[in-house]
Amino acid sequence: MPHQDAFLLMQAFRRCVLPGLLRKLHLWKGLHTARHRDIVEDIEQELWLDCLLWPEEIVGMTGRDRHTRWFRIVERSHYRLHTRSERLRASDTEPDAVCASASSSEPDGDAVECWGGELPPRQQQFLRQLGHRASYLKNGRLNCSASARSLGVRPQQLRAEWGAVADQLGFDAEFEAFWCRRLVEALVGLAADLLRDSGSVALCDERERRAPDPLGRLRRVRALRQRMALRPIPTSIKRVLAHYHSRNLGTLLTPLRILRDAASVLPDDPTVQLWTFEAALAEGLPDAAARAIRRARAARAEAVPVLLARARLLESRGKATAARRLLQRGPVRDRRVSSAIVGLAG
């Protein structure tokens, strides 16, 4: 498969060539692979997506042309993510300036009194300790292990206290459920875009929809992690999010695996199951496609998409006549059903 061949070439590039290029960027542009790990991951993500979107072109190139292409991607990504972002940073948004502004505008109080004054005293004390001694990653997320060491507690205790404070401030189970649904939507969108890009799926209203944008979907997944990090992220969700780090993209970016991640977050979502049917059918797995239809029906999916899926499964098994009869028993006034009947008749 061209995708797998392109991924193998990319793995060799990452192993043998990319480290030297990153060292040059460190010397010339100040990119530090340890301190700027999130930027390095974004750069690697751009490279993996290049393989995903243009596999035949990449496999057909000479080694020199392929490396030149990837050098340019690295340089463009580094400029956009690191050099340009540093130039655009306003001086009044530096941490010291923000703190000075806050202290001058709030001379008689602190952050806890401003937005955490209703918390119990113990939690207020925890927040103050965290504010003075917490450690953060470059992407802004709390470093639980380092912060726990600084506060002299176990990481589990820090997460428990953090979760209790988040609940009190409104970042509770309902907040978590809301962003879990957004995560599933992003994963389903990513899988759907990959299926549409490969020509495995053609939607009825394809012309009215925006063009597939897998890179945008991946960025959305990473942005959602930032949203969810206002409270401790459950381990099961962390495992899903970890799959979309750049180091894992070469083995995990298939629609079926993405949809399995989505199903692990929301197993009873009918949209996840209907797209799982499409992905399984595209990979030539009719039994898995049939199971996805059953799960979609159990999750109370809409009748017409389930009907169309059943007909397509019959067609894939060489039973076009049975598929047409099934559709004719459905709501033929529905544009999707009538189009499918015409397609089978042709």
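Here are some exercises on this predicted model, each with a worked solution.

**Exercise 1: the overall picture**

Work out which secondary structure elements the protein chain holds, and what share of its residues is buried.

*Solution.* Start with the elements: the protein chain has 20 helices and zero strands. Next, look at burial: of the 346 residues in the protein chain, 40% are buried. Then turn to the surface, where the protein chain exposes about 19900 Å², with 50% of that coming from carbon and sulfur atoms. Last, check the contacts: of those in the protein chain with a separation of 6 or more, 62% are between residues 24 or more positions apart.

**Exercise 2: two cysteines**

Sort Cys-16 and Cys-51 into buried, partly exposed or exposed, and count the disulfides in the structure.

*Solution.* Take Cys-16 to begin with: its relative accessibility is 59%, and the cut-off for exposed is over 50%, so Cys-16 counts as exposed. Now Cys-51: its relative accessibility is 0%, and buried means under 20%, so Cys-51 goes in the buried bin. As for the count, the structure holds zero disulfides.

**Exercise 3: ring geometry**

Classify the ring pairs Phe-171 and Phe-175, and Phe-178 and Trp-179, as stacked, tilted or edge-to-face.

*Solution.* For the setting, the structure holds five aromatic pairs. One of them joins Phe-171 and Phe-175, with 5.2 Å centre to centre and 75 degrees between the planes. Planes over 60 degrees apart count as edge-to-face, so that's the label for Phe-171 and Phe-175. On to Phe-178 and Trp-179: their ring centres are 4.9 Å apart and their planes lie at 90 degrees, so this pair is edge-to-face.

**Exercise 4: how covered are those rings?**

Assign a burial class to Phe-171, Phe-175, Phe-178 and Trp-179, then find what sits over the ring of Phe-178.

*Solution.* Go along the chain. Phe-171 has 28% relative accessibility, so call it partly exposed. Phe-175 comes in at 15% relative accessible area, so Phe-175 is buried. Phe-178, at 35% relative accessibility, counts as partly exposed. Trp-179 has a relative accessible area of 13%, so Trp-179 is buried. Now put the four together: ring pairs link Phe-171, Phe-175, Phe-178 and Trp-179 into a cluster. Finally, the ring of Phe-178 has the charged end of Arg-182 sitting over it, 4.5 Å from the ring centre.

Conventions
Residues numbered from 1 in each chain as written. Predicted model: local features only at pLDDT ≥ 70, side-chain atom pairs only at ≥ 80, totals over all residues. Heavy atoms only, no water. Disulfide = S-S within 2.5 Å. Buried < 20%, exposed > 50% of the residue type's maximum accessible area, 1.4 Å probe, protein only. Helix = DSSP H or I, 4+ residues; strand = E, 2+ residues; numbered from the N terminus. Contact = heavy atoms within 4.5 Å. Areas by Shrake-Rupley, 256 points an atom, 1.4 Å probe, with all protein chains shown as cover. Phe/Tyr/Trp six-rings, centres within 6.5 Å; stacked < 30°, edge-to-face > 60°. Lys NZ or Arg CZ within 6 Å of the ring centre and 35° of its normal.
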